[in-house]
Amino acid sequence: MKVSFTCMNSYYSPEALNQSFSATPRGLWDPESGKQAIAWALEQSAVADSLGFDFVSVSEHHYQAGMCNPNPAVLAGALSNVVTRGNLALLGPLVSMQNPVLVAEEIAMLDQLTRGRLIALLLRGTPNEFEYYNVPTEETRGRTEEAMLLIKKALTEPEPFAWKGQYYDFPVVSVWPGPTQVPHPPLYGSANSEESTAFIAEHRFGAAMSFFGPGAVARNMARYRELCDQHGWQPTPDQQLFRCFAVIGESEDHAADLAARISGPTLADAQKPPSTPSTDSTSVEDMKAFGFGFLQFTGTPGNLVEELREFQAKTGVGIIDLSFNMGYLTHEETLAQLRLFGQHVLPQVQRFAPVPA
């Protein structure tokens with residue numbers, strides 16, 4: 001099993017963090033704190049890379065302090081000079097709200113910058129972000145699916161081509177830089193819903209889920225593999241990815257203390273067991289019950305090894321992307337968690353054998 005570290009680029013301010021899922025006022029931004037936050041994000045990523053994490057990941061979100069990445073390609077470009085051993089995971093651009101040709105160009109550029117160490121997840125986004133960018137919610141699924149096909153073709157097709165679809169119209173597309181990974185970097189789509197799972201299986205994208213319980217992940221990944229088989233192909237373990245929050249402590253009491261302090265609205269149900277309906281369901285309404293996510297893995301190094309072993313055996317996931325903070329813990333506590341995980345958990349998890357389909 002491969003392990004990724006989420007580079008959150010969190011802004012360390014309780015007042016700003018508590019504005020999650022609303023437009024955070026710019027008046028809460030302090031320039032010196034902002035400089036410190038990005039320096040800490042890069043340092044955490046460098047430490048994760050030095051400890052042997054397989055990936056460092058970045059994502060796109062808007063108007064918020066917890067994950068201050070309005071353009072993940074910009075942060076990924078900076079990380080390409082910091083993460084020198086492992087790979088970069090662009091998880092991902094929100095393609096329903098962007099120019100898909102520009103996204104393809106950014107992916108191609110990042111693949112060149114990393115010398116072929118990039119994977120990319122093409123995402124739809126969240127309802128609050130559709131509102132911010134004035135994108136009709138009812139169009140976002142169609143926009144996302146068309147953009148994914150356009151991006152894949154733009155990264156693959158050797159000759160200029162025209163694209164005229166329902167949402168996008170380009171008289172000529174010819175993405176440069178050319179391919180570093182041939183035919184293109186590994187591409188993923190969301191498996192968080194039945195509709196998106198069916199789409200990515202048909203069009204041979206990898207599958208990614210985030211913030212659901214193990215039962216929901218197991219069901220959707222099994223369905224994804226079943227649909228892939230119906231379309232004449234089978235995904236590898238590395239084409240099945242899951243993102244979540246985790247806390248690791250030197251003792252159970254230490255881990256519980258860290259978990260209790262991640263108490264913002266995005267983790268309001270952090271203490272809710274993973275088996276409860278709201279965390280183990282894939283319905284949109286149930287997803288609202290725990291917001292941005294809950295603490296999937298919590299405890300000592302020994303606890304996390306066994307929890308991750310059980311999770312992999314149940315779900316078949318080959319890459320797990322972990323965030324150890326969202327601004328509620330100090331930079332030093334995040335580094336301490338990274339080192340504890342990297343030294344005592346990571347080597348064992350990386351030796352887990354792939355789960356047969």
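About 100 Å³ of space lies in the largest cavity of this structure, which is a predicted model. A search of the whole structure turns up two cavities of 30 Å³ or more. The lining of the largest cavity is made of 16 residues, and M8, N9, S10, Y12 and Q44 sit nearest its centre. Strand 1 (2-6) and helix 2 (31-51) each chip in at least two lining residues, with helix 2 giving the most, at four. Sorted by class, this lining holds eight nonpolar and eight polar residues, but no charged ones.

The second largest cavity has about 40 Å³ of space. Its walls come from T6, M8, M67, F211, R243, C244, F245 and S323. Here strand 9 (residues 240-248) is the top contributor, with three residues. Five of the lining residues are nonpolar, two are polar and one is charged.

Now for the cysteines. A disulfide is a covalent bond between the sulfur atoms of two cysteines, and this structure has zero of them. C7 is in no disulfide, as the nearest cysteine sulfur, that of C68, is 11 Å away. For C244, the closest cysteine sulfur is in C7, at 17 Å, so the two are too far apart for a bond. C7 is buried, with a relative accessible area of 1%, and C244 also counts as buried, at 1% relative accessibility.

Then there is S80, found in the loop between helix 3 (72-79) and strand 3 (87-94). With a relative accessible area of 7%, S80 falls under the 20% cut-off, so it is buried. A polar atom of the S80 side chain lies 2.6 Å from the backbone oxygen of G77. Setting aside neighbours within four places in sequence, S80 touches L88, L113, T114 and R117.

Definitions and conventions. Residues are numbered from 1 along each chain as its sequence is written. This is a predicted model: local features need pLDDT of at least 70, side-chain atom pairs count only at pLDDT 80 or more; totals for chains, interfaces and linings use all residues. Side-chain values use heavy atoms; hydrogens and water are left out. Buried means under 20% relative accessible area, exposed over 50%, partly exposed in between (1.4 Å probe, protein chains only). A polar contact is a pair of N or O atoms within 3.5 Å; within protein, one must be able to donate a hydrogen and the other to accept it, and residues adjacent in sequence count only if both atoms are side-chain atoms. Contact means heavy atoms within 4.5 Å. A disulfide is a pair of cysteine sulfur atoms within 2.5 Å. On a 1 Å grid over the protein atoms alone, a cavity is a set of points where a 1.4 Å probe fits but cannot get out, and a pocket is an open set with protein on both sides within 12 Å along at least five of seven lines; lining residues have an atom within 4 Å of a point. Grid points are joined across faces, edges and corners, and a volume is the space filled by probe spheres set on the points. Ala, Val, Leu, Ile, Met, Phe, Trp, Tyr, Cys and Pro count as nonpolar, Asp, Glu, Lys and Arg as charged, and the others, Gly among them, as polar.
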